[in-house]
Amino acid sequence: MKKTILTGDRPTGRLHLGHYAGSLKRRVELQNSGEYKNIFIMIADAQALTDNFDNPEKVRQNILEVALDYLSVGLNPDISTLFIQSQITELTELTFYYMNLVTLARLQLNPTVKAEIQLRDFKTSIPVGFLCYPISQAADITAFNADTVPVGEDQLPMIEQTREIVRRFNHIYDDVLVEPKALLPDNQVCMRLPGIDGKAKMSKSLGNCIYLSDSAEEVQKKIMSMYTDPTHLKVTDPGHIEGNTVFTYLDAFCKPEHFEKYWNEYMSLDEVKEHYQKGGLGDVKVKRFLNSIVNEELEPIRERRKEYEKDIESVYKILKAGTEKARETASQTLYKVKNAMKLNYFDNKELLTERLTRL
Ligand code: TRP
């Protein structure tokens, strides 16, 4: 049986190389594999509001940016359904019923939620909407009957939470929800690409991102300023590759054919690493090589972006049509859910009247 994918991103900024390595590139491969019957890619604006409720403008303005990023990396709207979360009102209704199946203690145990509470310094004033976003994420996934959710490692607790909700629902009411599985990036380094400053994660607030929409000049400037090995002062000094961001990026993006094309003094990345560790290989040369590789990857993305930017009207139409299609599927699931809960009173009179008419 052909499978179904659902995944998405919060529109809080343009997407960057970390998103690309960790999930976007894989999504395009999955899309083009032909193994999936339905692919739903969601711009999670409602979820973004759970921690940006006081800045709705930011969320709204980034919807089109994320859509452009999606289309530029090669998500094809003829195959993948691109849509906007907040317009699928069925999702909030599902969330409301799923809330009964989750305890407060369980939400507070969710490691991703815990980390985000700390990061945002909510302390004891945690907005309820924020705390409940894992439940709304379960609604996102189940509404589309997704069995496969391609995500980064940080999302695993969300998928686990969804699986628990599905099992409880199916056990209490009826077997209608599909239990999903996470699909992680297959390349370990791609799981979490560090920022150009060497910090654990690329993040807009840290200002350490290479954006998919950056120009070739901007990318070059950022790569040349990248964090490497602070003990590698002179070219002749032995260098370290552990924790050296330039090498982490090379591990993520370098392919054997790049040597012939851009750096024929070496045959493989292992050779480069060996030389660097021994001493005698300067950072600038390695950075130039990385720059060629990253730009080769980003160039077609930039080109496609330029085309779509000339025709924003078509992007708007893609989102509108995708959202209509997604809504159809979500409404079928909501119908099944309410049916299982015996809430569809006005489709079936008996549900309300059977007891009294029996008298
Ligand atoms: N939580 C995801 C993120 O922060 C976005 C998201 C919302 C999502 N709903 C989803 C991802 C459902 C996968 C499935 O990026």
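**Exercise 1. Helix 9**

Task: Determine which residues of helix 9 are buried, and check whether the end-to-end distance of helix 9 agrees or disagrees with its number of residues.

Solution: In helix 9 of this structure, the buried positions are Pro157, Met158, Ile159, Gln161, Thr162, Ile165, Val166, Phe169 and Asn170. The model is a predicted one, and the geometry of the helix can be checked in a second step. Helix 9 runs over residues 156-172, which makes 17 residues, and at 1.5 Å a residue these should span 24 Å. The C-alpha atoms at the two ends are 25 Å apart, and this agrees with the expected span.

**Exercise 2. Charged side chains of helix 9**

Task: Find the partners of Glu160 and Glu164, and state how accessible each of the two glutamates is.

Solution: Begin with Glu160, which forms a salt bridge with Arg163 in which the closest N and O atoms are 3.9 Å apart. A salt bridge requires such atoms to lie within 4 Å, so the pair at 3.9 Å qualifies. Because Arg163 and Glu160 are three residues apart in helix 9, about one helical turn separates them. Glu160 has a relative accessibility of 35% and therefore counts as partly exposed.

Continue with Glu164, which also lies in helix 9 and counts as partly exposed at 26% relative accessibility. Its side chain is joined to that of Arg106 by a polar contact of 2.8 Å. Glu164 and Leu101 are 63 residues apart along the chain, while their C-alpha atoms are separated by 8.8 Å.

**Exercise 3. Two further salt bridges**

Task: Describe the salt bridge between Arg27 and Asp9 and that between Glu299 and Arg302, and decide for each residue whether it is buried or partly exposed.

Solution: The general principle is that side chains of opposite charge can pair when their charged atoms come close. In the pair of Arg27 and Asp9, the side chains meet in a salt bridge with an N to O distance of 3.0 Å. This pair links distant parts of the chain, since Arg27 belongs to helix 1 (residues 17-33) and Asp9 to strand 1 (residues 3-9), 18 residues apart. Buried means under 20% relative accessible area, and so Arg27, at 4%, counts as buried, as does Asp9, at 10%.

For the second pair, the closest N and O atoms of Glu299 and Arg302 are 2.6 Å apart. Both residues lie in helix 15 (residues 283-309), where they are three residues apart, or about one turn of the helix. Glu299 is partly exposed, with a relative accessible area of 33%, whereas Arg302 is buried, with 10%. Elsewhere, salt bridges that share partners join Arg10, Asp51, Glu116 and Arg120 into one network. The count of salt bridges comes to 24.

**Exercise 4. The ligand and its surroundings**

Task: State how many residues surround the ligand, which side chains approach its nitrogen and oxygen atoms, and how much of its accessible area the protein covers.

Solution: The ligand is surrounded by 13 residues, of which the closest are Met42, Gln47, Gln137, Asp140 and Gln155. Turning to polar distances, a polar side-chain atom of Asp140 lies 2.8 Å from a nitrogen atom of the ligand. For Gln155, an N or O atom in the side chain is 3.0 Å from a ligand nitrogen atom. In the case of Arg10, an N or O atom of the side chain is 3.2 Å from an oxygen atom of the ligand. On its own the ligand has 370 Å² of accessible area, and the protein covers 90% of this.

**Exercise 5. Loops and surface**

Task: Locate Asn145, Lys342 and Phe346 in the chain, and describe what can be said of the backbone or surroundings of each.

Solution: Asn145 is placed in the loop between helix 8 (133-143) and strand 4 (148-150), and although it is not a glycine, it has a positive phi of about 55°. With 25% relative accessibility, Asn145 counts as partly exposed.

Lys342 lies in the loop between helix 16 and helix 17. Lys342 is likewise not a glycine, yet has a positive phi of about 55°, and at 53% relative accessibility it counts as exposed.

Phe346 is found in the loop between helix 16 (312-340) and helix 17 (350-358). Its relative accessible area is 78%, and Phe346 is therefore exposed. Together with Tyr345 and Leu352, Phe346 forms a nonpolar patch on the surface, with about 370 Å² of accessible area in total.

Notes. Residues numbered from 1 in each chain as written. Predicted model: local features only at pLDDT ≥ 70, side-chain atom pairs only at ≥ 80, totals over all residues. Heavy atoms only, no water. Helix = DSSP H or I, 4+ residues; strand = E, 2+ residues; numbered from the N terminus. Expected span 1.5 Å × (residues − 1). Buried < 20%, exposed > 50% of the residue type's maximum accessible area, 1.4 Å probe, protein only. Patch = residues over 30% accessible without salt bridge, like charges linked within 9 Å, V, L, I, M, F, W, Y side chains within 5 Å. Areas by Shrake-Rupley, 256 points an atom, 1.4 Å probe, with all protein chains shown as cover. Near = heavy atom within 4 Å. Polar contact = N/O pair within 3.5 Å; in protein donor to acceptor, adjacent residues only side chain to side chain.
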